[in-house]
Amino acid sequence: MAELLQSIEKEELLVFWNKYINPSTAPAYTRIDVQMWSAKIWRPTVSDFKEYSAKTLALYGCLHSEGNVDFDM
């Protein structure tokens, strides 16, 4: 997989971007949402995502990072 990613040319990436992601040029634009989690704080598991909403997990993570660890999901 890494070899494949390293072989991608800039022009190929721009064509892909304009065809599938860029809302002003993509014929079948689809929104992409990306969530990033810090490596330094509690991170939810796959089962957590199945059971709770992303907002609930984010709130729990914020509270946990502030030292409020007296409750559990």
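Guide: In this predicted model, a helix is a DSSP run of H or I that spans at least four residues, and helices are numbered from the N terminus.

Visitor: Where do phenylalanine 16 and tyrosine 20 lie, in terms of that numbering?

Guide: The two residues are four positions apart along the chain, which is about one turn of the helix. Both of them belong to the element that covers residues 10-21, namely helix H2.

Visitor: How does the pair of rings of phenylalanine 16 and tyrosine 20 count: stacked, edge-to-face or tilted?

Guide: Two such rings pair if their centres lie within 6.5 Å, and by this rule the chain has one aromatic pair. Planes under 30 degrees apart would count as stacked and planes over 60 as edge-to-face. The rings of phenylalanine 16 and tyrosine 20 have centres 5.0 Å apart and planes at 45 degrees, so the pair is tilted.

Visitor: Are phenylalanine 16 and tyrosine 20 buried, partly exposed or exposed?

Guide: A residue is buried under 20% relative accessible area and exposed over 50%, with partly exposed in between. Phenylalanine 16 has a relative accessible area of 43%, while tyrosine 20 stands at 41%. Because these values fall between the two cut-offs, both residues count as partly exposed.

Visitor: Is lysine 55 buried or exposed?

Guide: Lysine 55 lies in helix H4, which covers residues 54-65. Its relative accessibility is 72%, and since the cut-off is over 50%, lysine 55 counts as exposed.

Visitor: What distance separates the C-alpha atoms of lysine 55 and serine 7?

Guide: Along the chain, lysine 55 and serine 7 are 48 residues apart. In space, the separation between their C-alpha atoms is 37 Å.

Visitor: How many helices are there in the chain, and what is its radius of gyration?

Guide: From the N terminus on, the elements run α-α-α-α, which is to say four helices and zero strands. For 73 residues the globule rule gives 11 Å, and the chain is well over that, so it is more spread out than a compact globule. The C-alpha atoms fill a box of roughly 50 × 30 × 20 Å along the principal axes. The answers are thus four helices and a radius of gyration of 18 Å.

Visitor: What share of the 73 residues is buried?

Guide: The accessible surface of the chain comes to about 6,600 Å², and 58% of this belongs to carbon and sulfur atoms. Among contacts with a separation of 6 or more, residues 24 or more positions apart account for 3%. As for the residues themselves, the buried share of the 73 is 11%.

Note on methods. Residues are numbered from 1 along each chain as its sequence is written. This is a predicted model: local features need pLDDT of at least 70, side-chain atom pairs count only at pLDDT 80 or more; totals for chains, interfaces and linings use all residues. Side-chain values use heavy atoms; hydrogens and water are left out. The radius of gyration is taken over C-alpha atoms; the globule rule is 2.2 Å times the number of residues to the power 0.38. Buried means under 20% relative accessible area, exposed over 50%, partly exposed in between (1.4 Å probe, protein chains only). Contact means heavy atoms within 4.5 Å. Accessible areas come from the Shrake-Rupley method with a 1.4 Å probe; for residues, only the protein chains shown count as cover. Rings of Phe, Tyr and Trp (its six-membered ring) pair if their centres lie within 6.5 Å; planes under 30 degrees apart count as stacked, over 60 as edge-to-face and the rest as tilted.
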